[in-house]
Amino acid sequence: MPLVPTAAILGAAAGRGVGAFNVIQVEHAEAVAAGAERAGAAVVLQISENCARYHGALEPITLATMAVARNASVPVAVHLDHLECTELVEEGLRLGVGSVMFDASALPYADNVALTTAVVRRCHAAGIPVEAELGEIGGKDGHAPGVRTDPDEAAAFVAATGVDALAVAVGSRHAMLTRDARLDLALVAAIHAAVPVPLVLHGSSGVPDAALAAAVRAGITKVNIGTRINAVFTAAARCALADDESLVDTRKYLGPARAAVAAEVAGLLGVLGAVPARKIGTTG
């Protein structure tokens, strides 16, 4: 199936949640695509700046992920996540990704606006939508926990920058291994009422399933998940290795890990009420 623009999936959500899953190895991309096929749902594959740094370059993992997306039987978009480097934005545009998340949220508000506006102008000139972040979502990137997004400031930020989606700080944190994050659903609803673009929940791995579904009902559209599928992947690989101490063929433990993530993704897409594949048009 041809690559699908991220905007097409978000635009078809209409009260549904869009699952956006982070890729580290190609097995992640394959697993997420397989889970989406099992659920009959559209999905977003995400590649972060940290992932590009791990691989030594953005291009190899992005091209591999795009190939997986094209081979899926359901609509799959490819998105760049948490970019802080404008050079990677430019490379993403050259590679043909479906959207970019530019993250200047750790900077003072005025600097965030200025840098994000410049990125939006560049990406819009290439026909690519931009996600940004306002407020600080705690966790692995060093952001301070407890700094929530203000609805009025969010509305002003969107108007000033022209972003197409906004990640908001409403109680989740990156890299959580437990599922006890407490979302401020009233704040989600207030931001949703004030902001005319889709809202994005980062740090969703630490949010209980019932709260994820409630967040979608309150106004979240795109739900980013990374740590949760990494934990499933690692647990399955550990089990395979523990069962056979002589195992050296990586396919014998990465295969079960990939299958476990596919099942997890299918279940999560059900929790989110993900966009059915049939609702999404395609581009070449």
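**Exercise 1. Determine how Arg 94 and Glu 59 are paired in this predicted model, and which parts of the chain the pair connects.**

Solution.
Step 1. Arg 94 and Glu 59 form a salt bridge whose closest N and O atoms are 3.9 Å apart. The cut-off for such a pair is 4 Å, so the distance of 3.9 Å qualifies.
Step 2. Glu 59 belongs to helix 4 (residues 59-71) and Arg 94 to helix 5 (residues 86-95), so the salt bridge ties together parts that are 35 residues apart in sequence.
Step 3. Salt bridges with shared partners join Glu 59, Arg 94 and Glu 91 into one network.
Step 4. Arg 94 is exposed at 54% relative accessibility, while Glu 59, at 32%, is partly exposed.

**Exercise 2. Establish where the partners of the salt bridge between Glu 30 and Arg 258 lie, and classify their exposure.**

Solution.
Step 1. The side chains of Glu 30 and Arg 258 meet in a salt bridge with an N to O distance of 2.8 Å.
Step 2. Helix 2 (residues 26-39) holds Glu 30 and helix 11 (residues 251-272) holds Arg 258, so this pair links parts that are 228 residues apart in sequence.
Step 3. Partly exposed residues fall between the limits of 20% and 50% relative accessible area. Glu 30 has a value of 30% and is therefore partly exposed; Arg 258, at 34%, is also partly exposed.
Step 4. For context, a search of the whole structure finds 10 salt bridges.

**Exercise 3. Describe the spacing of Glu 49 and Arg 53 in helix 3, and state whether each is buried or exposed.**

Solution.
Step 1. A salt bridge joins Glu 49 to Arg 53, with 3.2 Å between the closest N and O atoms.
Step 2. Both residues lie in helix 3 (residues 49-55); because they are four residues apart, about one helical turn separates them.
Step 3. Buried means under 20% relative accessible area and exposed means over 50%. Glu 49, at 11%, is therefore buried, and Arg 53, at 53%, is exposed.

**Exercise 4. Characterise the second largest pocket by its volume, its lining and the elements that supply the lining.**

Solution.
Step 1. The space in the second largest pocket amounts to about 170 Å³.
Step 2. Its lining consists of 16 residues; those nearest the centre are Ala 14, Gly 15, His 192, Gly 219 and Thr 221.
Step 3. At least two lining residues come from helix 9 (209-218), and at least two from strand 8 (220-225).
Step 4. Sorted by class, the lining comprises 10 nonpolar, four polar and two charged residues.

**Exercise 5. Locate His 202, classify its exposure, and identify the residue whose side chain it contacts.**

Solution.
Step 1. An unreviewed UniProt entry lists His 202, His 174 and His 82 under "binding site".
Step 2. His 202 is found in the loop between strand 7 (199-201) and helix 9.
Step 3. With a relative accessible area of 1%, His 202 is buried.
Step 4. The side chain of His 202 is joined to that of His 82 by a polar contact of 2.8 Å. Both of these histidines are among the positions listed in the UniProt entry.

**Exercise 6. State whether Thr 6 is buried or exposed, and find the partner of its side chain.**

Solution.
Step 1. Thr 6 is part of helix 1 (residues 6-11).
Step 2. Its relative accessible area is 3%, and Thr 6 is therefore buried.
Step 3. The side chains of Thr 6 and Ser 99 are joined by a polar contact of 2.7 Å.

Methods:
Residues are numbered from 1 along each chain as its sequence is written. This is a predicted model: local features need pLDDT of at least 70, side-chain atom pairs count only at pLDDT 80 or more; totals for chains, interfaces and linings use all residues. Side-chain values use heavy atoms; hydrogens and water are left out. Buried means under 20% relative accessible area, exposed over 50%, partly exposed in between (1.4 Å probe, protein chains only). On a 1 Å grid over the protein atoms alone, a cavity is a set of points where a 1.4 Å probe fits but cannot get out, and a pocket is an open set with protein on both sides within 12 Å along at least five of seven lines; lining residues have an atom within 4 Å of a point. Grid points are joined across faces, edges and corners, and a volume is the space filled by probe spheres set on the points. Ala, Val, Leu, Ile, Met, Phe, Trp, Tyr, Cys and Pro count as nonpolar, Asp, Glu, Lys and Arg as charged, and the others, Gly among them, as polar. UniProt positions are given in the numbering used here, feature names are shortened, and annotations may be inferred rather than shown by experiment. A polar contact is a pair of N or O atoms within 3.5 Å; within protein, one must be able to donate a hydrogen and the other to accept it, and residues adjacent in sequence count only if both atoms are side-chain atoms.
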